[in-house]
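Biologist: I should like a close look at one part of this model, namely a sheet and the helices that pack on it. Please describe the part in connected form.

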Amino acid sequence: MNMPSSSIQRSKEAREAFFQRGQLPTGLVDDAILNSWQRCTAQHKSVTERVEYDTLARSGLAELLEASRTLMEAANEPLEQLNRTVSGAGYALLLTDHRGHALSAYRGSSRADRLVKQAFRQGVNLSEQRIGTSAMSCALSEGRPVAVSGPEHYLSANHILHCAAAPIIDPQGRTIGSIDITREHPLVQGSALSLVTQCAKTIERRLMAMLEPYLVLRLDWELQEPASDDMLIALGAEGELLGMTPRVREVMGLTTTDGPRGFQDLFDLRFESVVDAARRRQSPILGQAHSGLSFSLHPFSQQTPCLIQGSAQRRPVNDSPPPVPRTPDFGDPSLNAQTTLALRAMSKRLPILIQGDTGTGKEVMAQALHRNSDKHSGEFVAINCAAIPEALIEGELFGHMEGAYTGARRGGAPGKIEQADGGTLFLDEIGDMPLALQSRLLRVLETQEVIRLGGRTTKRIDFQLICATHRNLTEAVALGEFRDDLLYRIKGMPLSIPPLRERTGLREFLIGQCDQVTEGRRQLSVASLDILLAHEWPGNVRELRHALTYADVMAEDAQVTIEPDHLPMDLLRTTTTRSSPLSGRAVGTLQTLEWAAIEKAMAQEEGNVNAAAKRLGISRATLYRRLKQRKA
């Protein structure tokens, strides 16, 4: 669908008036866009400057995600739902914090525009100061949904983008983030704005639910049960105001600075009267605000029976399922179900035993489980039982007192177990732990107490245990290399990570790993992707990431695709002995595989070189060169 010519003309007229004649094009563009242009001009930004998509350093990213944890938990499920709705229409989806930093991104397909792939990455600074006018910066500044199309962006480099965004307002009335959808071709503006607005409202309601209020009231003008949740007030056991939706603040004319503190600052009713009426299910309750406006007050129906009985014990507002865990993509949907079960087991304090070949991502999984558990605020303490000499591992694990052994630190030192108190202890390669230490570890797990080497006093500890191994521990028990009682203690919930070659979503996983390793700057050509699919990957994910990093280094800076000649030679040699995923016939050489991909693309695009090059993920010039070589 094309952008209406009248809209295009108005945008062109607005740019000409503002940038060439120095006039304010009032009425030609949204005031939010005009305000942004003025701010960018005041910052001396040039419309022709290059867009820089700066990413926070690892430590800064960790701080950003921790500071935005509540928002991300509330947004996770609505984002998944919106992404399912819009991805087929070519939209990329983004969640930002209040400063415009990207928190979560969904880029639709692997063929997403290069500009979007660079911009929509976790930790990228997408503020107005960095990228000029955008829908998300306007929504954050104005506190309302805004659409920005093509030439309405301040920077010329962004004119190919069309986006719509809505702000997210927390229960205290603060703008804490935004939802944005973007694509390369023009928006259906009413539809796009409606989608982001609805998603933002859903997130706002989930933020209300996370307050765990004693009582929730729906406000409406009519006596019957309200049809929407736009006007909600969350209250504590003493009538204190925990939060409200933006619509309530708007209707009542309230601000974040001089807002009321309790129910009776809002209405001419006693809070106890509302609680009594709700307990007797006398709903709605008529109440007049101090401003003179009258409303019908409806106690939140799902939780009314348990919220208003007995003491002021706070409970969740609704029975919606918890957010889907934010775990990495392992390329196998079956792992999602295992992860959910593992988190449920961790909530019951069951230990987790992760089993998988070397390089499959066992520690990555352990870290993801820790981040999504109720121990996430504590430390994640990892120790590789196979990497530390047997003479040192005991002190490393249990700590020591001063003088406990030659070389002991002055004043002593805590061990990994003590450091994990209140958090998660990850014992990697536990199958290689010396037998003598296994008995000491078993005692710690049974008593929840630890004694340092050379010490006499015990310390009470509380941690979540996650173990990992590439060994078959049942066989190790039979061989007398592992204690059976320790095995029974640590395998509260087994979790198995399959080898890379056996994962059902391998194609999408390879594409995603390339995107991560190259930070969105490159994508795999069809020929390269098929080579990677054909490889056995004995080193699993570790081998894959090394191969992709090597290819990223070998590719020229200006190249946006990874070609077969960028891949490591040892990987190419092993691949040539296997059959082609494209045709199923034997592949004698790398060139045969590459030509199979080219021939298939040319056939699918009926000889159209431009379309075939796009399908292959290579430039038109590269494809012409390959065709010329073929004819020669």
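Modeller: The description below begins with the sheet, continues with its helices, and ends with two other sites. The model is a predicted one, and the account should be read accordingly.

The sheet is open and has five strands, in the order β12-β15-β18-β11-β19, with parallel pairing. Its edges are formed by β12 (380-384) and β19 (493-496), each of which pairs on one side only. From one strand to the next, the twist averages 20°. Within this order, β15 (residues 424-428) and β18 (residues 464-469) are joined in the parallel sense over four bridges. In that pairing, Leu425 stands opposite Leu465 of β18.

Two helices belong to this picture. Helix α12 lies across β11 (352-355), β18 and β19, and its direction runs at about 155° to β19. Helix α13 also packs on the sheet, where it touches β11, β12, β15, β18 and β19. The direction of α13 makes about 150° with that of β11.

The two helices also pack against each other. In general, such a pair is described by the angle between the axes and the distance between them. For α12 (residues 334-347) and α13 (residues 362-371), the angle is about 50° and the axes are 10 Å apart. The pair is therefore classed as oblique. The crossing of α12 past α13 is right-handed. On the α12 side, the contact comprises Leu335, Thr339, Ala342, Leu343 and Met346, which meet Met365, Leu369 and His370 of α13. By class, these residues divide into six nonpolar, two polar and no charged.

A second helix pair may be set beside this one. Helix α19 (residues 506-517) and helix α20 (residues 526-534) pack at about 120°, with their axes 10 Å apart. These helices are therefore oblique to each other, and α19 passes α20 in a right-handed crossing. Leu506, Arg507, Leu510 and Ile511 in α19 meet Leu529, Asp530, Leu532 and Leu533 in α20. The residues of this contact comprise six nonpolar, no polar and two charged.

The last site concerns a loop. Arg174 is located in the loop between β4 (162-169) and β5 (175-183). The side chain of Arg174 is joined to that of Asp170 by a polar contact of 2.8 Å. Gly143 is 31 residues from Arg174 along the chain, and the C-alpha atoms of the two residues are separated by 9.4 Å.

Note on methods. Residues are numbered from 1 along each chain as its sequence is written. This is a predicted model: local features need pLDDT of at least 70, side-chain atom pairs count only at pLDDT 80 or more; totals for chains, interfaces and linings use all residues. Side-chain values use heavy atoms; hydrogens and water are left out. A polar contact is a pair of N or O atoms within 3.5 Å; within protein, one must be able to donate a hydrogen and the other to accept it, and residues adjacent in sequence count only if both atoms are side-chain atoms. Axes are lines fitted to C-alpha atoms, for helices over the stretch in contact, and angles run from 0 to 180 degrees between N-to-C directions. Angles under 35 degrees count as roughly parallel, over 145 as roughly antiparallel, 65 to 115 as roughly perpendicular and the rest as oblique. A crossing is left-handed if the near helix is turned anticlockwise from the far one by less than a right angle, and right-handed if clockwise. Contact means heavy atoms within 4.5 Å. Ala, Val, Leu, Ile, Met, Phe, Trp, Tyr, Cys and Pro count as nonpolar, Asp, Glu, Lys and Arg as charged, and the others, Gly among them, as polar. Two strands pair if DSSP finds at least two bridges between them.
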